[in-house]
Amino acid sequence: LTDMMGHPPQAAIQTMIDRHQLDDTVAQLRAESDEIFSEILDDRLAPMPGLLELLDVLEHAAFDKAIATSSHRGHVTRVLAQFDLEPRFRFLLTSDDVTYGKPHPEIYCKASARLGFHPSNIMVLEDSEVGCRAAVAAGCFAIAVPGVFGAKSCYDGVQLIADSLADKLIFSALGLAGK
């Protein structure tokens, strides 16, 4: 799972097909995955620990926020809609908006250009190894926030590894105090 995490859907599904020598196509498995995910979304989805507090603090401090994800747009908008989160971000970039998926830095370079900041002035909170590699390659201030599946990954080049989005290291790096 860790070598699929953070990659665009096409690449992640192809890895699964190759590893398990499946006869299914990427399109078939993507459709099946989207259907299964949609069925369990309402019951099992929850914000990452600390997310809502972090967003409140960032909004109070008038920080720009954006999402740059390897997921496809339909998936992300469905997840964000569950908690009415999309309006809290300036924009959303997905795998649909880039030519090269993570670990290529393209998505973070596009995000920094849209935000109007040099990448070194952008903080990226990432839960995957390939996402961290992309953020580091783009020149961003990268913080790994590994979940259960990413806990044993390699996060070379990141400035910090946080326990969760509630980790005071994140607030300190932003020059802010958590609630």
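## Exercises on loops, helix H5 and a parallel sheet

Asp84 lies in the loop between helix H4 (73-82) and E2, and this residue opens the first of the exercises below. The model is a predicted one, and only local features with a pLDDT of at least 70 are considered.

**Exercise 1. Locate Asp84 and Ala62, state the sign of phi in each, and decide whether each residue is buried or exposed.**

Step 1: start from the position in the chain, where Asp84 belongs to the loop between helix H4 and E2, while Ala62 belongs to the loop between helix H3 (51-60) and E1.

Step 2: turn to the backbone, where phi of Asp84 is near 50°, a positive value in a residue other than glycine, and phi of Ala62 is near 60°, again a positive value in a residue other than glycine. Most residues other than glycine have a negative phi.

Step 3: apply the accessibility cut-off, under which a residue counts as exposed over 50% relative accessible area. Asp84 is exposed because its relative accessible area is 54%, and Ala62 is exposed because its relative accessibility is 65%.

**Exercise 2. Work out which residues of helix H5 are buried, and which elements help to cover them.**

Step 1: list the buried residues of helix H5, which spans residues 106-115; they are Glu106, Ile107, Tyr108, Ala111, Ser112 and Leu115. In an α-helix there are 3.6 residues a turn, so residues three or four places apart point the same way.

Step 2: identify the cover over these buried residues, which includes strand E1 (66-68), strand E2 (91-93), strand E3 (123-126) and helix H6 (129-138).

Step 3: take Glu106, a residue of helix H5, as a worked case. Glu106 counts as buried because its relative accessible area is 15%, and the cut-off for buried is under 20%. If its neighbours within four places in sequence are left aside, Glu106 is in contact with Val98, Thr99 and Tyr100.

Step 4: follow the chain past the end of the helix, where Gly116, just after H5, takes a positive phi of about 80°.

**Exercise 3. Describe the cavity of 30 Å³ or more in the structure, and say which residues are closest to its centre.**

Step 1: count and size, noting that the structure holds one cavity of 30 Å³ or more and that the largest cavity has a volume of about 40 Å³.

Step 2: name the surroundings; ten residues line the largest cavity, and the closest to its centre are Val98, Tyr100, Gly101, Lys102 and Ile107.

Step 3: sort the lining by character, which gives four nonpolar, five polar and one charged residue.

Step 4: look at the backbone that follows Lys102, one of the residues closest to the cavity centre. The peptide bond from Lys102 to Pro103 is cis, with omega near 20°, and Pro103 is placed in the loop between E2 and H5. Most peptide bonds are trans.

**Exercise 4. Reconstruct the open sheet of three strands: what is its order, and which strands stand at the edges?**

Step 1: establish the order, which is E3-E4-E5 with parallel pairing. E3 and strand E5 (160-161) stand at the edges, each with a single partner strand, so one side of each has no neighbour in the sheet.

Step 2: examine the pairing of E3 with E4, which is parallel and extends over four bridges. Within this pairing, the bridge partner of Glu126 in E4 is Ala144.

Step 3: examine the pairing of strand E4 (residues 141-144) with E5, two strands that run parallel and are joined by two bridges. Ile143 has Leu160 in E5 as its bridge partner, and Ala144 stands opposite Ile161 in E5.

Step 4: add the helix, since E3, H6 and E4 together make a right-handed β-α-β unit.

**Exercise 5. How far apart in space are the C-alpha atoms of Arg19 and Cys140, and those of Gln14 and Asp24?**

Step 1: place the starting residues, noting that Arg19 is in helix H1 (residues 9-20) and that Gln14 also lies in helix H1. Arg19 counts as partly exposed because its relative accessibility is 40%, and Gln14 counts as partly exposed because its relative accessibility is 31%.

Step 2: read off the separations from C-alpha to C-alpha. Arg19 and Cys140, 121 residues apart in sequence, are 32 Å apart in space, and Gln14 and Asp24, ten residues apart along the chain, are separated by 9.7 Å.

Note on methods: Residues numbered from 1 in each chain as written. Predicted model: local features only at pLDDT ≥ 70, side-chain atom pairs only at ≥ 80, totals over all residues. Heavy atoms only, no water. Buried < 20%, exposed > 50% of the residue type's maximum accessible area, 1.4 Å probe, protein only. Contact = heavy atoms within 4.5 Å. Pairing = 2+ DSSP bridges. 1 Å grid on protein atoms, 1.4 Å probe; cavity = no way out; pocket = protein on both sides within 12 Å on 5 of 7 lines; lining within 4 Å. Points joined across faces, edges and corners; volume = space filled by probe spheres on them. Nonpolar A, V, L, I, M, F, W, Y, C, P; charged D, E, K, R; others polar. Right-handed = clockwise from strand over helix to strand, strands pointing away.
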